[in-house]
Amino acid sequence: MTDADPVDDVVATIARSATEIRQGLVGRRGKADAENPSGETQAEADVWADELLADRLSSIDGVAQYASEERSDIVDCEDDRITVAVDPLDGSSNLKSNNTMGTVFGIYDEPLPAPGSALVASGWILYGPITTMAYARDGTVTKYELTGGERTVVEEDVTLPEDPLVYGFGGRVPDWPDDFREYVREIESNPDHKLRYGGAMIGDVNQVLTYGGIFAYPALEDSPRGKLRLQFEGNPIAYLIEAAGGRSSDGRQSILDVDPTDVHDRVPLHVGNADLIDRLEDALE
Ligand code: FBP
């Protein structure tokens, strides 16, 4: 064991790996002959990015566990301090059409499954025209640009703009519960709001962080827990958006207050400006 901060080491490793992951997508746009623990067909790139991050993150001093949306079993490591949970390639179905994707990470100080209150840091990489990272720790959010292993700060103390501009909601409209559909109509009818939906949560949530607004992948009629995973997506996104002055909700409470029962639990996810999330919770009551 060393005295170095394992959280810093993990984040530095993810940031350095991101440009490599981006380059490695070329030639890995096909499907793998496998499903992830949630029953979804994996892309070759999902499996490859997961193995790359597992190798690098599980060998860092201080890391007790590596867990990923792409593997059913947690990798137990030699140390006992922090757990790293990742979605190695969020939105990998966008590979075929060459659209935005991301990598999401949450760093917990408890073994999984853990509540959001056990997070000590979280963040995401966005593979857009530029590779960027948004990172939350100790209640503040920082945005970086990543090039060739280098990390450059582009904005500190990032907060959601006060006037919400963008909205994006996942799932098929006919599958939305009536109360959620009515809420969406209210959001859409405001002339100040614009639809922004790209099919990769990180792309859509990053628009909310940049312009203000709301992103949701709600409960669906036939899937009351929605689609997104609590440990790998819900908690890390909620932690960052709350650190940026916004709110998260599973429809009733902050996502960070949801009690997990299993590593691959799903959660209805709603994040954005506090007043829009307050109104959402009123609408879903
Ligand atoms: P993956 O992590 O398996 O890529 O799924 C997550 C995701 O792609 C989100 O990024 C996105 O918001 C959502 O699923 C889109 O799902 P759908 O295509 O069902 O609307």
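**Exercise 1. Find polar side-chain contacts to the ligand in this predicted model.**

Start with Y217: one of its polar side-chain atoms is 3.2 Å from a ligand oxygen atom. A polar contact here is a pair of N or O atoms within 3.5 Å. Next take E233, with a polar side-chain atom 3.3 Å from an oxygen atom of the ligand. Then D87: a side-chain N or O atom lies 3.1 Å from a ligand oxygen atom.

Now check the cover. On its own the ligand has 470 Å² of accessible area, and the protein covers 80% of it (Shrake-Rupley method, 1.4 Å probe).

Two notes on the numbers. The model is predicted, so local features need pLDDT of at least 70 and side-chain atom pairs pLDDT 80 or more, while totals for chains, interfaces and linings use all residues. Residues are numbered from 1 along each chain as its sequence is written, and side-chain values use heavy atoms, without hydrogens and water.

**Exercise 2. Describe the shell around the ligand.**

Step one: count. There are 18 residues around the ligand (a heavy atom within 4 Å). E69, D90, G91, M201 and K227 come nearest.

Step two: sort by class. Seven are nonpolar, four polar and seven charged. Gly counts as polar, Tyr as nonpolar, and Asp, Glu, Lys and Arg as charged.

Step three: assign strands (DSSP E runs of at least two residues). β5 (82–90) and β13 (213–217) each supply at least two shell residues. β5 gives the largest share, three residues.

Step four: assign domains, with bounds from an automatic or database assignment. Domain 1 (6–155) and domain 2 (166–284) each contribute at least three residues to the shell.

Terms used. A polar contact is a pair of N or O atoms within 3.5 Å; within protein, one must be able to donate a hydrogen and the other to accept it, and residues adjacent in sequence count only if both atoms are side-chain atoms. Helices (H or I, at least four residues) and strands (E, at least two) are DSSP runs, numbered from the N terminus.
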